[in-house]
Amino acid sequence: MGPIDRKALDLKRRGIDPLMATAPKHWVRCHVWLKIAEKRYQICNKPIRYFTLTTADLFDVKVLERAGLLEKTSRGYPGLGFCEMDDKTHDDIIRKLRWCDWPYKGLFEEMVFTYPRFEDDFSFDVVNLDFITVPFPEHEAPMEGTWGAIEKMIDVQWNHDISFDLFLTFRGSKDETDATSLQKVADLVKYNLNTGRGKSEFEAKIGHSDIDRLLEENYKEFLSTGIPKLLINRALSDGYMLTHFEAYYYLRQGDGKPYHIVKFVFSFEIPRSTGLVFGQPPPLVDNYDQAIPMIFGKDTFDISNYLSDKSDLVSELEQDLVSLRS
Amino acid sequence: MVTDVLHGEINASARIIGDISLGIYRSPANALKELVSNAFDVGATEVIINTDYPAFTYVSCYDNGPGIATEELRQIFSHIGGSDKRLKTDVGPYGRPIIGKIGIGILGMSQINKRFVIISSLAGENTRLEAEINIEEFVSEQAIKTNLGTGKIGKYEIYVLPESESEHYTIITTPARSEALRGELGQGKSARDQFVKVREEADTFKEFVVNFHNKPVSTLSSYESFLWELASLTPIPYFGDGPLKEWEGWDSVKKTLQSYNFKLTADGYELRKPILLPTWDNLENRGDDYEIYSIDYGDEKSDLQFEGYLYHQRRQIVPSELQGLLIRIRNVGIGGYDKTLLNYPRNIGPMVRGITGEIYVRKGLEEALNIDRNSFNETHEHFSVLQQEIFSRIGLPDKPGIAKNVRDRSAKHQEEQRVVKEIQSLEQIIRKAGRVCSQELRLIPELGDGAPITVDWDKGEVHANLWHDTVPADLAGKRQFFRVLLCVQLLSKLGPISPDEPDLVGWLRRI
């Protein structure tokens, strides 16, 4: 174990906690994640196994539990997993849960690459990777670290023969991001655009077909295109059918300059369950030519804008946060 | 925002430095027991332990006690094993007896991991401390030799951070990837499979205990033993009416434990002392072939006072961890069950596997505790007195005790079994005789000086005296004797035997 930077940790958790209790964030919990999890519950026909990068307030867990989607016993939560590196926050979470099946202490990336149980036991119906960081941190080797861990997690789920939903959240900020990784993502998209796949859809949405320009001018849209593109590749190489439901974003006023939070919802289906529940949008299995235009043409949903004229809904969301916290 | 950072060295008395290299505690449960005792001492009502079962990459111990101040922690670190101010009184907050020494308890965590963290917040203060402890550099044999003179055993860094004034707690935890704990508790794949099974089946600690209660000892996993040991050593209540419904000393002990209002949870299980005697069949369905021997030593003026019980059952006690004698000082188990019964000097053979007992020391014996608080200085006067009292109860040459009682009970049991067999044998003969004469016959065992056997044909009753002077002592002889008598009775009832009655002839031939 290396030395812990307690000062940085403390600053980080103080920065995170208030941001977890905002209306846009909670709107996603109640109106996106909950609905997807409910569908998964219907498919499974039993309480879902849920993995999350939650915080001490456990908002996401409480929302799903309130809807009856999680198994709760007198001992605790047999189908719940989380990971948290901070000793104090970890202890807060585990005490509130009393017990859960998967209480990992450490970073998600450490869990994936070093946790003795990971390859044998990681098997969840819904995986919520609500990262507070960027997808390709500059201190990591290009496309390894965080992204490598996400890809390995998908492989392990495939090995366990499990269909699942993936909620992904990233900080949409180029600061602290590895430029080489971004260029690799851009090149992958560029390859499709050059071969004509999805070019017209991309142009219709963005107004041009220059991915490098998009990276410079509109980073959140760049991520909204690049992240699904990366996941399509991973899903198809494993054999999953990937459904990309939506990309969402909202503006966050951090301690420095503002940045976007970008959120994605994907469904990874083992082919045998094709179309049983989801129906729309269609699965993208083994049809790369169709998949790419759909991803490139998919609009992103601006939560801040959506909530801007809905003061009642915002107030309702804020009230709900207060009640969940108590 | 971090408001302060303090650095320092951890010092300890020379005798502790020696013990660190060997490991202060014999098991993780013993190390954690000491942390639980510390929490109990300061008035916590809840302790929560987590082990990241079944991976065991970390362990954490939370208590809702009043917390520890930065200065107090630094003072403890300045000389672990030295005088402890808290021990100047016998009773802590909430009238609880003080059990442990906080420095030693904290050091116990170092046995699980050489680096660990203490997070604590004092009630009424708007800060908490996060202390990182590191004894990694100080535990090699060479380092111990070097540091023996200086007393240095580790170093710490304390960070002071903001916290809500209403919060009060102490958390002691190892970082992730603590290999020591994994080595102790997660032994092999078969153990892991058992954990999965337990996880699926047991929702409460009682279910958890019932799961392995009748298993062969060899199949108990390290984790099962760990939880069992932790539960049996700490000052928490027993299950329901455990350990012994019939023991007259039980009420006071039960009330005392309940009065502490102290709750211990480990991996989601609220623990109870898992001692329910007798230990076979299942926990709710007790047999009756056992004996309880109450112990009560010393009066109010005595320096040494203890009470408790010794218990013997004919069958082996399971799990084997329960065999032997457990000494509790201030309601906390010392070490574990001592299978030697405090080094009882006589060979009592397999009987020892049926003996268990608990001694609650009300006063004294604490000075006989070794620094690990898990074993005794056996030359200490109090220990010798306790030892002699136990020996005399088990049995000494001039004082027959439990051992003789057990032998007597065993002989009585064998005699009872013999009689049962004899009656069963006679019933078989009578049933056969009944078939021959086509009459329903039933056995009426009798005691008295009458004839060894008489038959009332009208009532269909065979009155038999198994213990008549003329009846042979051995079972085969008895069987033959009663057959002959019954045959005579049959002949007198049936008259001359016709060759056309093969059943009767065949039967007579057989006898």
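User: Before we start, what makes two strands in this predicted model count as paired?

Analyst: Happy to help! Two strands pair if DSSP finds at least two bridges between them.

User: Then how do you know that β4 and β7 of chain B are paired?

Analyst: Five bridges join strand β4 (residues 115-121) to strand β7 (residues 169-173) in chain B. The cut-off is at least two bridges, so they count as a pair. The two strands run antiparallel, and Ile119(B) stands opposite Ile171(B) in β7(B).

User: Which sheet of chain B do these strands belong to?

Analyst: An open one of nine strands, in the order β1-β6-β5-β4-β7-β3-β2-β8-β9, with mixed pairing. In chain B, β1 (4-11) and β9 (269-270) stand at the edges.

User: Why are β1 and β9 of chain B said to stand at the edges?

Analyst: Each has a single partner strand, so one side of each is left without a neighbour in the sheet.

User: Why is Asp267(B) called buried?

Analyst: Its relative accessibility is 2%, and buried means under 20%, so Asp267(B) counts as buried. Asp267(B) lies in the loop between β8 (263-266) and β9 of chain B, and has a positive phi of about 50° although it is not a glycine.

User: What makes Leu342(B) count as buried?

Analyst: Here the relative accessibility is 3%; with the limit at under 20%, Leu342(B) therefore counts as buried. Leu342(B) is not a glycine either, yet has a positive phi of about 60°. You will find Leu342(B) in the loop between β13 (332-333) and β14 (355-363) of chain B.

Note on methods. Residues numbered from 1 in each chain as written. Chains lettered and ligands numbered in written order. Predicted model: local features only at pLDDT ≥ 70, side-chain atom pairs only at ≥ 80, totals over all residues. Heavy atoms only, no water. Helix = DSSP H or I, 4+ residues; strand = E, 2+ residues; numbered from the N terminus. Buried < 20%, exposed > 50% of the residue type's maximum accessible area, 1.4 Å probe, protein only.
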